[in-house]
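Biologist: Hey, I'm new to this one. Can you pull it up and walk me through it?

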Amino acid sequence: AQAAEKFVQEVFWRSYWKGWLEMRPEVWGRYRADLSAALNRTKTESGLRQRWSDACNGQTGIDAFDHWAHELVQTGYLHNHARMWFASIWIFTLALPWELGADFFLRHLHDGDAASNTLGWRWVAGLQTRGKTYLARPDNIAKYTERRFHPTGLAPSAQPLDGPDHPARRPAPASPDWSPAPRSGLLLHEDDLSPGFLFDAGLAPVAQARLQATARRSPLSVSPPVTDFAAGALDDAAARWRDRGGADGGRHSDPAAIADWAQANRLEQIVTPYAPVGPVADALDELDTALARHDIALIRPIRAHDLRCWPHATHGFFRFKEKIPELLAAMGH
């Protein structure tokens with residue numbers, strides 16, 4: 001654990017963000033509503049629309065920022081430091097709505113994640129940890145890019161953005177009681193492609209299908225490389241679990257198509273790994289409604305790791321970090 005400390009912390013950072021948002025799902029809903037409002041502004045405010053276009057296309061004249069915009073679009077990836085610098089310049093130097101930046105990331109990041117992305121942008125903006133912002137400094141960028149970049153014209157300060165207080169914290173979700181006995185189908189989705197814990201619990205599906213919710217990451221078009229990346233991951237998981245997953249029902253983006261598949265296979269229930277707050281969870285909620293019309297249950301068990309981690313995501317990460325040794329021990333490490 002000591003040798004892998006940094007890696008372990010990054011894994012738990014992701015678990016922490018997911019747990020924090022699980023207990024405050026209104027933050028995701030507020031982000032989506034404010035993103036819609038920001039997109040509407042770009043239709044009527046020509047100056048904002050031009051600055052937004054320049055930022056997305058890497059045409060701001062800030063060499064480092066423009067390079068990262070192109071790198072993100074071309075590769076689907078940015079180093080963690082570059083993500084923070086990029087977000088800071090977007091918010092404090094270019095004076096663009098942070099929601100538009102978060103959306104730009106979700107449309108192009110292969111590892112785009114509702115919790116990590118939304119809350120990370122909020123942290124840079126001073127909304128997540130009240131009064132604490134992240135300022136991109138030219139000397140810091142020069143140092144950690146080995147002087148590849150030394151941008152000029154960056155904002156000299158980062159005043160926290162205004163925003164509502166955090167919503168009241170809800171209890172962490174509990175995993176449902178379920179039985180593997182009924183005629184079951186397995187549904188894989190891009191938020192969790194490791195269904196082994198379901199098989200360990202006795203699931204023996206007669207059929208399996210895949211739900212792809214990539215297009216739901218944004219009201220705008222998600223980049224084809226991101227869509228292809230998620231599709232490839234879904235199909236790879238289905239292939240790896242083919243021997244235990246039952247008849248292949250294909251990959252679908254429409255919950256109604258999943259409901260039709262369930263009926264065609266005379267399923268009594270669909271079992272799928274729990275999806276945290278985000279696009280996949282939104283799609284599963286729609287599927288749940290569609291299945292209920294046919295008396296088919298949608299069962300969403302939560303893996304033990306998340307059940308242990310999420311209740312501790314009550315405050316900042318450093319309080320959560322104190323629990324990592326205990327959480328590792330519970331995993332047998």
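Modeller: Sure, let's begin with helix 6, where Trp98, Glu99, Leu100, Gly101, Ala102, Asp103, Phe104, Phe105, Leu106, Arg107 and His108 are buried. Keep in mind that this is a predicted model.

Biologist: So how many of the residues of helix 6 are buried?

Modeller: Eleven of the eleven, so helix 6 is largely enclosed by the rest of the structure.

Biologist: And what covers the buried residues of helix 6?

Modeller: The cover includes helix 2, helix 3, helix 4 (63-75), helix 5 (80-93), helix 7 and helix 10 (224-240).

Biologist: Let's go to helix 2 then. Which residues are buried there?

Modeller: Val27, Trp28, Tyr31, Leu35, Ala38, Leu39 and Thr42 are the buried residues of helix 2. They cover an arc of only 115 degrees around the axis, so they sit on the same side of helix 2.

Biologist: What's exposed on the face turned away from that buried side?

Modeller: That face of helix 2 carries the exposed residues Lys43 and Thr44.

Biologist: And what covers the buried residues of helix 2?

Modeller: Helix 1 (5-22), helix 3 (46-56), helix 6 (98-108), helix 7 (114-125) and helix 13 (279-292) are among the elements that do.

Biologist: How far apart are the end C-alpha atoms of helix 2?

Modeller: They are 28 Å apart. Helix 2 has 19 residues (26-44), and at 1.5 Å a residue it should span 27 Å, so the two values agree.

Biologist: New topic: pockets. What's the volume of the largest pocket?

Modeller: About 1200 Å³. The largest pocket is lined by 37 residues, and the closest to its centre are Trp13, Trp17, Asn80, Ser116 and Gly120.

Biologist: Which helix gives the most to the lining?

Modeller: Helix 1, with seven residues. Helix 1, helix 5, helix 7 and helix 15 (317-321) each supply at least two residues of that lining.

Biologist: One more. Where is glutamine 208, and is it buried or exposed?

Modeller: Glutamine 208 is in strand 2 (residues 207-211). Its relative accessibility is 4%, so glutamine 208 counts as buried.

Biologist: Which side chain does the side chain of glutamine 208 make a polar contact with?

Modeller: That of aspartate 248, at 3.4 Å.

Biologist: What else is glutamine 208 in contact with?

Modeller: Leaving aside neighbours within four places in sequence, glutamine 208 is in contact with Leu186, Leu188, Ala238 and Trp261, and also with Gly245, Gly246, Ala247, Asp248, Gly249 and Gly250.

Notes. Residues are numbered from 1 along each chain as its sequence is written. This is a predicted model: local features need pLDDT of at least 70, side-chain atom pairs count only at pLDDT 80 or more; totals for chains, interfaces and linings use all residues. Side-chain values use heavy atoms; hydrogens and water are left out. Helices (H or I, at least four residues) and strands (E, at least two) are DSSP runs, numbered from the N terminus. The expected span of a helix is 1.5 Å times one less than its number of residues. Buried means under 20% relative accessible area, exposed over 50%, partly exposed in between (1.4 Å probe, protein chains only). The arc is that of the directions from the helix axis to the C-beta atoms. Contact means heavy atoms within 4.5 Å. A polar contact is a pair of N or O atoms within 3.5 Å; within protein, one must be able to donate a hydrogen and the other to accept it, and residues adjacent in sequence count only if both atoms are side-chain atoms. On a 1 Å grid over the protein atoms alone, a cavity is a set of points where a 1.4 Å probe fits but cannot get out, and a pocket is an open set with protein on both sides within 12 Å along at least five of seven lines; lining residues have an atom within 4 Å of a point. Grid points are joined across faces, edges and corners, and a volume is the space filled by probe spheres set on the points.
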